[in-house]
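Colleague: Could you take me through how one reads cysteine pairing and nonpolar packing in a model like this one?

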Amino acid sequence: MIFFFHKSFRKRAEEVLKINFVYDVYVSYSDDSTSFVKKVLQPNIEHKWGLTMCCEDRDFLVGESNADVRATSIHQSRHIIFLVTPAFIGREWSSFEIERAKYEKISNELQKIIVITKDISFRHIPSEFRTIWKDIYLIDWPIEIDGQETAWKKLRLWFL
């Protein structure tokens, strides 16, 4: 019930301030995380919580410049999730999306930067995050189902 009232209040405040977000959250991930995004994140974030996600595999139109589509999608998103895995570090677009998130955060458009680490140690997290570390909400995604419940609660709370 609190989530409903907060969402309604925030939507009204954004209308008054002329802030238009197309997406509630942009998700940055590598190919090895596509299954996790589609089978775990999307059902919870979109179907259970009623939020809109921007996912590369589903929402990017063919033929448009990748850089332009990514920059525009991040700009049109309230929050961003970086799903950091070993493959994310070598991914061609990771640094670009991190830099774009930094820019949007500084310009006060992006509300929260959430980093979910999965199968990677903290010392391997990309160094580009260091300059905005104080603005990052971090979840080390647990393997055990009991721990995942706590991770989901944190994530939902941060979307408020």
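Modeller: We shall take the cysteines and then the nonpolar cores. This is a predicted model, in which local features need pLDDT of at least 70 and side-chain atom pairs count only at pLDDT 80 or more, while totals for chains, interfaces and linings use all residues. Residues are numbered from 1 along each chain as its sequence is written, and side-chain values use heavy atoms, with hydrogens and water left out.

Colleague: How many disulfides are there, and why is C55 not bonded to C54?

Modeller: A disulfide is a covalent bond between the sulfur atoms of two cysteines. Taken here as a pair of cysteine sulfur atoms within 2.5 Å, the count is 0 disulfides. The closest cysteine sulfur to that of C55 belongs to C54 and lies 6.7 Å away, which is too far for a bond. Both are buried (under 20% relative accessible area, where exposed is over 50% and partly exposed in between, with a 1.4 Å probe and protein chains only): C54 has a relative accessible area of 0%, and C55 has 1%.

Colleague: Which residues have the most contacts inside the largest nonpolar core?

Modeller: In soluble globular proteins, nonpolar side chains tend to be buried together. A nonpolar core is a set of buried Ala, Val, Leu, Ile, Met, Phe, Trp, Tyr and Cys residues joined through side-chain atoms within 4.5 Å. The largest has 22 residues, and those with the most contacts inside it include V37, I81 and F159.

Colleague: What is V37 in contact with?

Modeller: With contact meaning heavy atoms within 4.5 Å, and leaving aside neighbours within four places in sequence, the partners of V37 include V27, M53, C55 and L83.
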